Structure formats: structure tokens, C-alpha cells
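Please keep the structure open in your viewer and follow the selections in the order given. Each stop names what to pick and then describes what is found there.

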Amino acid sequence: MPLSLYNSLTRRKEPFTPLSPGEVKMYCCGVTAYDYCHLGHARSYIVWDTVRRYLMWRGYQVRYVQNFTDIDDKILNRARQENSTMQTVADRYTQAYFEDMARLNILEADVYTYATQTLDGIQRLIRELEQKGIAYPANGDVYYAVRKFDGYGKLSGRKLEDMQAGASGRVTTDATDGSIKRDPFDFALWKGAKPGEPFWESPWGPGRPGWHIECSAMVREQFGNTIDIHVGGADLIFPHHENEIAQSEAATGHPLSRYWLHNGMVNVGGEKMSKSLGNFTTIRALLDAPDGPDPMALRLFVLQAQYRKPIDFTDAAIASAKNSWHTLQEGLRFGYTSGAALGWTDVDNPDFGNAGAMRIDRTSATVQAFEATMDDDFNTPGAIAILFDLAKELRRARNLIVHEGQADVSPEQLRQDWQTLVCLAQVLGLEAQPETASTTSALTDAAIEELIAQRQAARQAKNFAEGDRIRDELQAQGITLIDKPGGVTEWHR
RNA sequence: GGCGACAUAGCCAAGUGGUAAGGCAGAGGUCUGCAAAACCUCCAUUCCCCGGUUCGAAUCCGGGUGUCGCCUCCA
């Protein structure tokens with residue numbers, strides 16, 4: 001069964017066939033580096049990271065390019081506020097971006113592009129558009145004449161006439177924004193620098209590029225005329241991606257991208273999370289909160305909804321994701337917690353638990369079901385349900401081993417299940433680290449046994465308060481006690 | 001006003017013609033001094049509403065209602 005994905009350009013699901021067999025050229029619109037990333041950004045990059053991972057799992061060689069917009073009015077405003085420079089501000093938030101994404105287990109792009117490093121390509125593109133009569137200079141600015149491009153509106157499904165007619169109340173103010181545009185929908189390719197603003201020299205005078213042109217130039221520089229998949233937030237469809245298409249296709253005469261994928265928004269109380277509404281939570285604020293979720297729980301929160309649908313960010317949703325992650329995590333740690341008890345001989349191997357080193361049966365019913373689900377436009381909620389089946393099976397086995405001494409499934413079968421879980425989870429970017437010493441206790445086994453004996457004595461003396469105190473003390477150090485019939489107390493870390 | 005989505009249990013969420021996955025929360029039972037952990041079991045006769053097509057619809061068609069996004073920077 002082929003991988004099919006929903007193409008915003010055609011507004012339907014289509015089978016995926018790349019330009020060159022086995023290779024995928026993928027471009028993702030990145031952030032404007034003027035502030036810390038919020039959960040909307042988190043969702044977008046988690047989703048595209050997952051798509052990329054799945055394509056790789058499916059055997060495609062993926063070349064993934066993402067940009068940083070480091071020239072922009074908002075960065076400029078920020079720099080002015082702090083009496084700093086655009087570059088300083090952009091560098092700071094670019095660095096923060098890398099930190100946040102690493103925590104969310106988002107793979108680094110093959111190439112990161114920066115507006116400040118693409119000036120030549122940008123100017124070349126603008127010049128071509130100018131030569132073709134599609135761009136026109138005006139007072140140091142350069143604008144794109146949208147009416148010169150027949151396909152304008154094909155991605156967002158709108159017509160200039162409709163926008164003009166309907167937008168009467170909102171765009172009329174355009175008439176006062178200088179009136180140097182020939183049409184209110186024309187957009188800036190180049191902005192002339194006002195006194196005191198940073199600038200780059202150009203054939204049209206000193207200035208800086210408009211926002212949309214950088215992506216067109218970057219894609220062309222990195223990939224050529226046409227790529228396979230162009231992704232970004234749904235809020236970029238218009239005008240950003242529409243304008244990218246207009247710029248690139250008018251210049252090259254070729255389709256910019258064969259498939260356009262867009263992720264749904266993160267909502268708060270039913271409204272889009274955004275800077276302008278002020279209802280945003282940054283990734284780091286959420287993760288660093290006293291009772292904040294594990295980054296993997298956040299990842300799970302995002303992937304438990306289909307990527308095109310809106311998701312509502314609420315405390316309850318995060319709490320649910322935390323608990324869900326706990327279950328998955330237990331399953332993922334199965335090899336570390338129970339492998340030795342099952343007689344697995346390679347638990348001390350450096351590669352033990354490493355998905356990349358595992359061999360699993362890709363024809364198994366479980367893997368086939370996972371692929372069939374993911375093939376349907378990256379149905380991660382369905383895929384996660386499969387992960388839960390495996391994780392619960394493993395958790396059950398682990399508990400049987402802890403409580404009864406042995407599981408009711410063969411070590412070989414458990415090995416296969418565990419490896420399948422680890423590998424499939426990794427495709428979704430969900431990974432659990434083995435419990436480290438810091439999360440468990442520094443107590444020696446002997447010390448623990450001694451405390452348990454003390455508790456046993458207290459309980460026999462009906463001094464339950466003391467007994468419970470010892471139990472709580474051990475629990476606080478990550479030691480769980482299990483009182484079994486017959487006065488026997490077992491424990492595990 | 002234009003364009004586009006979506007509406008499934010207390011909450012989140014799959015499922016696009018064959019009789020409702022999964023997660024969270026909750027309930028009961030076993031066990032316990034009480035717990036915890038664990039194990040077992042239960043938890044939508046029904047998919048926003050009204051019509052229609054069909055042997056059969058959450059799924060298709062028509063109409064309605066509601067919510068959201070985009071039309072300005074936005075992941």
C-alpha cells in the first residue's frame with residue numbers, strides 16, 4: 001500500500017511519489033528568531049520531524065532543509081528595545097531554538113539556511129522577476145505584482161477579486177500605507193532602509209529583503225526548481241506560501257513543490273495560540289515548570305492528535321499526556337528493567353536498547369498495522385494505539401516477573417515485542433532513557449533490606465505510623481515496596 | 001463578506017458504507033493493618049440536528065446549527 005498524504009494544493013489525499021525514486025527533497029519553514037518558541041512552534045516541528053522520520057523509516061533518503069528568518073521587522077524592533085542589534089537578537093533566539101528542539105528529540109536539519117546568508121540568491125531572484133516584468137521598484141522598495149502571475153491564489157484557494165470585495169473593511173487602510181503599491185495585494189520583495197535601519201546594498205539601493213522571498217531563494221539554492229514536500233503551519237498558507245509559489249514559479253517556470261503539507265494550530269481555550277493574542281506558553285516555560293511534563297510527554301500530547309487538526313492546550317491534556325507517557329516509558333524501559341531477569345545475555349552491550357542496532361521483523365502484523373496507519377496521511381494517533389498495545393503487554397510481563405518471578409510469555413517473544421516497541425516509538429521520536437542513578441536511590445541493597453526489616457518490626461509491634469514512615473522514606477528515593485501474603489516484603493527500584 | 005476546516009463517551013482521540021481503536025479520568029473485585037503496586041472486570045445500542053440514498057450510514061447526498069482557522073505578522 002502506498003504512502004498517501006493530504007496535499008493542501010489539491011485539497012485531497014494523494015499517493016506520494018517523489019521526483020527521484022527513493023529520494024525526498026523536503027523544506028520546512030522555520031522560525032523568525034525574535035523570541036522563544038512557544039507550543040505552536042513545538043507542535044509544528046514535532047510533526048514535521050515525525051514525518052521526516054517516517055519517510056526515512058519507509059526507506060526514503062530524505063534531505064531536510066529548514067530556515068531561520070534572521071532579518072525581519074520584529075527582530076529589528078526587539079533589537080531597538082534592548083539597544084542591541086538584529087544579529088545579536090537573532091543569534092540568541094536561534095540558539096534557544098536549538099536547545100528547545102533538542103529537548104523535544106527533534107532531529108537536526110541536514111541544512112539550516114539563514115536570510116543573512118542568502119542575500120545573493122535573494123537579489124538574483126528579485127532581479128529575474130524584475131526582468132520578467134513581474135516585480136517593480138518603487139521608492140527604494142521592490143514589489144511583486146500579483147496580477148502578473150496567473151496562478152496567484154491556487155494554494156489558498158482564493159481569488160483576488162473575492163479578497164478585494166470581501167476585505168473592504170480591513171484592507172482599505174492599505175491606501176494610506178504609502179500608496180506606492182500598484183495593487184493592495186502586491187507584496188514587498190525588497191524594503192528600502194529608512195535612516196538608522198540595518199541594510200544590505202542592492203541594485204535598488206540599501207535595504208533588506210521582504211519575508212517571503214528568502215524561502216524561494218533558499219529552496220532554489222538548496223534543491224533547484226522543484227522539491228517534493230514543502231511544510232509549515234497552516235497559518236502560513238496565505239500569504240506566505242502563496243507568495244513563495246508566486247515568486248518561485250514566475251521565475252523558474254516550474255512547480256515549487258509537488259506536495260504542500262500544513263499542520264493545524266495549537267489552541268488555548270478554543271483560540272489559536274499566538275504572540276499577538278498573548279495566550280502563548282513557551283516550550284521552556286512548560287518543561288521547566290516545577291511539575292512540568294517530560295519533553296516526551298509533550299511530544300506525545302502533540303502526536304495524539306492528527307497533525308492537521310487543531311489541538312487544545314489545557315492542563316488536563318498535559319496531565320493526561322504525562323500519565324500516558326508513563327505507561328509508554330515503562331514499556332520502552334522493559335529491556336533494562338527485565339532483560340537480565342529473562343536471561344538476555346547482551347544487556348550490558350553498549351548497543352543494548354539502541355533502536356538503530358535492532359533487527360525486527362518488518363513483516364509482523366504489528367509493524368504492518370503501524371505502517372498501514374502511518375501511510376494514511378501520518379495517522380499518529382492510530383500508530384500510538386499500537387504502541388500502547390505493546391507497552392501494556394510488556395508492562396504486564398514486567399510486573400509478573402517482579403511479583404511472580406516469571407512472565408507467562410517466552411523471553412524470545414518479549415524480546416521481539418520490546419524491540420518492536422522501541423523501533424516504532426523511535427519512528428515517532430519517542431525515546432525513553434534508562435533510569436539513571438540520580439532518579440533512583442543511592443542506597444545500597446543492604447541498606448534497603450535493613451530499612452525493610454525495621455519496618456517489618458514496627459508493623460509487627462502495630463506501630464504502623466513508623467512502618468509507613470519508612471515506606472514513604474523509601475518511596476521518596478524511588479524504592480517501591482510490595483507487601484505480599486505471608487509477611488514477605490519485596491521491593492524494586 | 002470571501003475561502004477553508006471541523007463537530008464521535010466526563011475529557012482527548014482514531015475510524016469515510018458492514019455494525020464504535022486507543023489514551024486520560026472513573027467504578028467494582030482480588031490482595032492489604034491501611035496503602036501502594038499488581039492482576040481481573042466494567043465504562044458510547046451510538047457518532048451535533050433534520051431529511052434522503054442503501055439490505056445496511058458515524059461514514060455518501062441535501063439542508064440546518066455550532067466551533068475554529070485564513071483573508072494583516074504568525075508554526
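Begin with the whole of chain A in this predicted model: of its 493 residues, 51% are buried. Coloured by secondary structure, chain A shows 17 helices and 16 strands, and its C-alpha trace spans about 90 × 50 × 40 Å along the principal axes. If you display contacts in chain A between residues at least 6 apart in sequence, 75% of them join residues at least 24 apart.

Next, select RNA strand B together with the residues around it, which number 58, with K74, W211, G233, L236 and S324 the closest. Colouring this surface by residue class divides it into 18 nonpolar, 24 polar and 16 charged residues. Which helix gives the most to the surface near RNA strand B? Helix α14, residues 380-404, does so, with eight residues. On the RNA side, look at the atoms of strand B that lie within 4 Å of the protein, of which 61% belong to sugar or phosphate, while the rest belong to bases.

Staying with RNA strand B, zoom in on three individual approaches. At G270, a backbone N or O atom lies 3.4 Å from a sugar or linking oxygen of the strand. At R459, an N or O atom of the side chain is 3.3 Å from a base nitrogen of RNA strand B, and at R471 a side-chain N or O atom is 2.7 Å from a base nitrogen of the strand.

Now turn to the aromatic rings, for which a search of the whole structure finds 25 pairs. Select Y152 and F238, an edge-to-face pair with 6.5 Å from centre to centre and 75° between the planes. This pair links distant parts of the chain, since Y152 lies in the loop between β7 (141-144) and α5 (160-166) whereas F238 belongs to helix α8 (residues 237-252), 86 residues apart. Y152 has 10% relative accessibility and therefore counts as buried; F238, at 22%, counts as partly exposed.

Move on to Y336 and W418, which also form an edge-to-face pair, here with 6.1 Å between centres and 85° between planes. Because Y336 lies in helix α12 (residues 334-338) and W418 in helix α15 (residues 411-427), the pair ties together parts that are 82 residues apart in sequence. Is W418 buried or exposed? W418 is buried, with a relative accessible area of 0%, whereas Y336, at 33% relative accessibility, counts as partly exposed. To see rings joined into a group, select Y45, F68, Y97, F98, Y112 and Y114, which ring pairs link into a cluster.

Two further selections place a charge over a ring. Pick R362 with W57, where the charged end of R362 sits over the ring, 3.6 Å from its centre. Then pick R415 with W344, where the charged end of R415 sits over the ring of W344 at 4.8 Å from its centre.

Finish at T373, which is found in helix α13, residues 365-375. With a relative accessible area of 18%, T373 falls under the 20% limit and so is buried. Leaving aside neighbours within four places in sequence, show its surroundings and you will find T373 in contact with N379, G382, A383 and I386.

Terms used: Residues numbered from 1 in each chain as written. Chains lettered and ligands numbered in written order. Predicted model: local features only at pLDDT ≥ 70, side-chain atom pairs only at ≥ 80, totals over all residues. Heavy atoms only, no water. Phe/Tyr/Trp six-rings, centres within 6.5 Å; stacked < 30°, edge-to-face > 60°. Helix = DSSP H or I, 4+ residues; strand = E, 2+ residues; numbered from the N terminus. Buried < 20%, exposed > 50% of the residue type's maximum accessible area, 1.4 Å probe, protein only. Lys NZ or Arg CZ within 6 Å of the ring centre and 35° of its normal. Near = heavy atom within 4 Å. Polar contact = N/O pair within 3.5 Å; in protein donor to acceptor, adjacent residues only side chain to side chain. Nonpolar A, V, L, I, M, F, W, Y, C, P; charged D, E, K, R; others polar. Contact = heavy atoms within 4.5 Å.
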